[in-house]
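Here is a friendly tour of one protein chain for your bench notes. Have the structure open beside you as you read.

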Amino acid sequence: MRTAYSVETVRTAEQELMARLPEGALMQRAAAGLAAACADVLGRVYGSRVVLLIGSGDNGGDALYAGARLARRGAGVTALLLAPERTHAGGLAALRRAGGATVARGDGFLGTARELIRRADLVVDGIVGIGGKGGLRPDAAPLAEYAADSRAVVVAVDLPSGVEADTGEVHGPAVRADLTVTFGTHKPGLLIDPAREYAGSVRLVDIGLDLPDAPELEALQHVDVAARLPAPGAESDKYRRGVVGIAAGSARYPGAAVLAVSGALRGGAGAVRYVGPAADAVISRFPEALVSDLGPARAGRVQAWVVGPGAGDDASAVAEVLEAEVPVLVDADGLRLADRATVRARTAPTLLTPHAGEAAALLGVSRESVEGARLASVRELAARYGATVLLKGSTTLVADPGGGVVRVNPTGTAWLATAGSGDVLSGLAGSLLASGLSALDAGSAGAYLHGLAGRLAAEGAPVGAHDVAEAVRDAWRDVTG
């Protein structure tokens with residue numbers, strides 16, 4: 001399990017550790033890890049040209065000490081000092097002792113900086129630390145532009161300067177890194193878009209922090225998903241494995257029902273009951289599905305319901321499913337048709353699975369607001385509806401209504417941005433609900449398998465939703481093998 005902690009938690013842990021270590025020892029640990037990562041990127045350190053972008057905080061100190069290590073190995077290192085009077089004194093002295101050069105902000109600074117960065121092999125971003133807010137300041141923003149336009153590899157110290165560590169939000173110019181070397185633990189902004197896009201690859205350096213058990217974010221990995229997936233035992237039958245009901249599709253959107261059923265059949269439940277106007281399309285594609293035209297309340301025994309994909313304006317089916325005393329997943333049109341008070345009043349678990357546009361409509365804000373503040377949006381939606389929320393997108397997030405840790409899915413791929421892909425996910429996660437997983441586990445494990453299936457199906461080429469559904473079995477084997 002990868003975890004991420006807030007700035008406040010990280011700083012508290014750092015202070016506690018520094019109190020037990022000799023002065024400067026923690027920064028030296030960070031600098032050693034940073035220098036090693038930079039050396040790996042360079043391949044050959046001797047003769048390489050390295051430019052350090054140095055602000056006034058400890059990130060600048062980390063970069064300066066790392067630069068000194070590279071200079072001692074024969075690199076030509078120059079530090080661009082944005083705040084000369086507030087530069088970390090120890091790091092600056094170490095760089096100069098190692099033969100590194102400095103250029104202080106003043107007349108002609110930007111022209112010199114542009115030329116140095118243009119010729120650099122490596123640029124190290126030590127402008128702003130994890131407490132930075134609101135994007136880069138005007139005097140630093142040009143350096144980020146020069147780095148982006150250069151051929152140099154850009155390495156960020158702890159977090160790309162200009163992005164917000166706790167939220168993943170970006171409110172102005174920011175450094176775009178090829179690699180971020182982060183210390184002690186991941187920060188939420190390294191896992192959540194839009195900030196994640198600025199971080200590039202992430203390398204975690206262990207500096208010995210003692211962190212609490214409850215992180216802000218966690219990202220499942222193969223072993224975590226495998227531990228949660230249902231596995232039939234010797235005494236299992238279809239009812240013990242769980243039956244998932246699918247109330248989806250319409251005369252206009254019969255394919256949504258077919259795709260939701262396809263996801264459900266691959267999600268581990270023992271049987272799938274379909275209710276809705278697309279029964280002929282479903283049974284012709286999946287003869288193993290149990291179909292009914294009696295409505296959700298009289299369809300037969302289920303352990304969970306999925307409602308909404310392709311439902312059009314059929315509010316009655318949504319209302320009927322929400323009255324059921326079993327877990328319910330609400331997706332697509334069902335999100336628009338579900339009464340919020342009814343959802344809040346439910347005693348069985350509810351999982352809502354909006355994309356950014358649907359979440360924006362439910363919150364009464366713009367889509368851009370949701371995409372720019374994904375963590376805040378998923379938490380707010382979960383609190384308003386008293387339900388677990390899976391916010392789909394470039395980084396899928398899953399949040400419980402009571403707060404606590406938020407799950408972020410690491411397996412997504414841009415190829416999943418295709419019509420019907422979300423219907424497959426709703427059926428898959430609904431099947432996991434029926435097999436007994438909590439809403440949080442069903443949503444996060446379902447998103448993990450769905451994302452992995454998208455990658456396996458695509459292999460670098462466009463895919464359709466049906467391809468993703470077919471690849472779920474391969475993803476399941478990959479996780480549990």
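The points below cover two strands and their neighbours, one helix, and several salt bridges. Please keep in mind that this is a predicted model. A search of the whole structure finds 22 salt bridges, and a few of them are described further down.

**Strand 7 and its neighbours**

- Let's begin with strand 7, residues 179–183: five of its five residues are buried, so the strand is largely enclosed by the rest of the structure.
- In a regular strand the side chains alternate between the two faces of the sheet.
- On one side of strand 7 you will find Leu179, Val181 and Phe183, on the other Thr180 and Thr182, and both faces are covered.
- Strand 6 (residues 153–157) runs parallel to strand 7, and three bridges join the two.
- In that pairing, Ala156 stands opposite Thr180 of strand 7.
- Strand 8 (residues 201–205) is also parallel to strand 7, joined to it by five bridges.
- Here Leu179 stands opposite Ser201 in strand 8.

**Helix 17**

- How far apart are the end C-alpha atoms of helix 17? They are 17 Å apart, which agrees with the 16 Å that its twelve residues (374–385) should span at 1.5 Å a residue.
- The buried residues of helix 17 include Arg374, Leu375, Ser377 and Val378, together with Leu381, Ala382 and Tyr385.
- These buried residues cover an arc of only 170° around the axis, which puts them on the same side of helix 17.
- Gly386 follows helix 17 and has a positive phi, near 60°.

**Strand 16 and its hairpin**

- In strand 16 (residues 388–391), Thr388 and Leu390 point one way while Val389 and Leu391 point the other way, and all are buried.
- Strand 15 (residues 350–352) runs parallel to strand 16, with two bridges joining them.
- Leu352 has Val389 of strand 16 as its bridge partner.
- With strand 17 (residues 397–399), strand 16 pairs in the antiparallel sense over three bridges.
- Leu391 has Leu397 of strand 17 as its bridge partner.
- Five residues lie between the strands of this hairpin of strand 16 and strand 17, where Gly393 takes a positive phi near 150°.

**Salt bridges**

- Side chains of opposite charge can pair when their charged atoms come close.
- Asp121 and Arg49 meet through their side chains in a salt bridge, at 3.8 Å from N to O.
- Asp121 lies in the loop between helix 5 and strand 5 and Arg49 in strand 2, so the pair ties together parts that are 72 residues apart in sequence.
- Asp121 is partly exposed at a relative accessible area of 21%, and Arg49 is partly exposed at 36%.
- Another salt bridge joins Glu470 and Arg285, whose closest N and O atoms are 3.4 Å apart.
- This pair links distant parts of the chain, with Glu470 in helix 20 and Arg285 in helix 11, 185 residues apart.
- Glu470 counts as partly exposed at 32% relative accessibility, and Arg285 counts as partly exposed at 43%.
- Lys392 and Asp331 also form a salt bridge between their side chains, at 3.1 Å from N to O.
- Lys392 is in the loop between strand 16 and strand 17 and Asp331 in the loop between strand 14 and helix 13, 61 residues apart.
- Are these two partners buried or exposed? Lys392 counts as buried at 15% relative accessibility, and Asp331 counts as buried at 2%.
- Finally, Glu218, Arg228, Arg407 and Asp441 are joined into one network by salt bridges that share partners.

Definitions and conventions: Residues are numbered from 1 along each chain as its sequence is written. This is a predicted model: local features need pLDDT of at least 70, side-chain atom pairs count only at pLDDT 80 or more; totals for chains, interfaces and linings use all residues. Side-chain values use heavy atoms; hydrogens and water are left out. Buried means under 20% relative accessible area, exposed over 50%, partly exposed in between (1.4 Å probe, protein chains only). Helices (H or I, at least four residues) and strands (E, at least two) are DSSP runs, numbered from the N terminus. Two strands pair if DSSP finds at least two bridges between them. The expected span of a helix is 1.5 Å times one less than its number of residues. The arc is that of the directions from the helix axis to the C-beta atoms. A salt bridge is a side-chain nitrogen of Lys or Arg within 4 Å of a carboxyl oxygen of Asp or Glu.
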